[in-house]
Amino acid sequence: MKFEQVCQAINTFFKQNPVIRILIPISVPLMLLCVAFQVVGNFIELGGFIQTVSYLGFFFMVILVLSECRFKMAFIGLGVYAVMHVYIILRFLFKYKIMSWTSIIKLLVFGYLAYQCYRKSLQINK
């Protein structure tokens, strides 16, 4: 089964839920809002609740965006999330003189996922 078919099947499943059906059309702005809160949370303390909601909301919105086969928007969200971890790696390296292995692994994983979404968006646009 192709990945697009999996995404469409997930989209069909999500459209059966009345709450998630409302979130599907606004999933892109919500995803970008959640990743913006994550980025801002690196510079100023937003509080545990806001950070947790934006963290979980970001991943849920990425799934909703992918269910609509909007790979370019998923690339942007995942790419911003990966670049955020570059900042964290550099901050830990220069400020604390330690290596943040968690951020390195997250950078590799989310960078790879962003790259794959970018490749998929190029294949679809041909």
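Student: Why is C34 called buried?

Tutor: This is a predicted model. In it, C34 has a relative accessible area of 13%. Buried means under 20%, so C34 counts as buried.

Student: What makes C7 buried or exposed?

Tutor: C7 has 2% relative accessibility. The cut-off for buried is under 20%, so C7 is buried.

Student: How do you know that the structure holds zero disulfides?

Tutor: A disulfide needs two cysteine sulfur atoms within 2.5 Å. Take C7: the closest cysteine sulfur, in C69, is 4.5 Å away, so that is too far for a bond. Now take C34. The nearest cysteine sulfur belongs to C117 and is 17 Å away, and C34 is in no disulfide.

Student: Why are helices α1 and α4 called roughly perpendicular?

Tutor: Helix α1 covers residues 3-14 and helix α4 covers residues 48-67. They pack at about 115 degrees, with axes 8 Å apart. Roughly perpendicular runs from 65 to 115 degrees, so the pair earns that label.

Student: Which residues of α1 and α4 meet?

Tutor: From α1 come C7, Q8, I10, N11 and F14. They meet F60, I63, L64, L66 and S67 of α4. Of the residues in this contact, seven are nonpolar, three are polar and none is charged.

Student: What makes up the largest nonpolar core?

Tutor: This core has 24 residues. M31, V62 and L78 are among those with the most contacts inside it. Helices α1, α3, α4, α5 and α6 each give two or more residues. Helix α5 gives the most, with seven.

Student: What does V62 touch beyond four places away in sequence?

Tutor: V62 touches M31 and L78.

Terms used
Residues are numbered from 1 along each chain as its sequence is written. This is a predicted model: local features need pLDDT of at least 70, side-chain atom pairs count only at pLDDT 80 or more; totals for chains, interfaces and linings use all residues. Side-chain values use heavy atoms; hydrogens and water are left out. Axes are lines fitted to C-alpha atoms, for helices over the stretch in contact, and angles run from 0 to 180 degrees between N-to-C directions. Helices (H or I, at least four residues) and strands (E, at least two) are DSSP runs, numbered from the N terminus. Angles under 35 degrees count as roughly parallel, over 145 as roughly antiparallel, 65 to 115 as roughly perpendicular and the rest as oblique. Contact means heavy atoms within 4.5 Å. Ala, Val, Leu, Ile, Met, Phe, Trp, Tyr, Cys and Pro count as nonpolar, Asp, Glu, Lys and Arg as charged, and the others, Gly among them, as polar. Buried means under 20% relative accessible area, exposed over 50%, partly exposed in between (1.4 Å probe, protein chains only). A nonpolar core is a set of buried Ala, Val, Leu, Ile, Met, Phe, Trp, Tyr and Cys residues joined through side-chain atoms within 4.5 Å.
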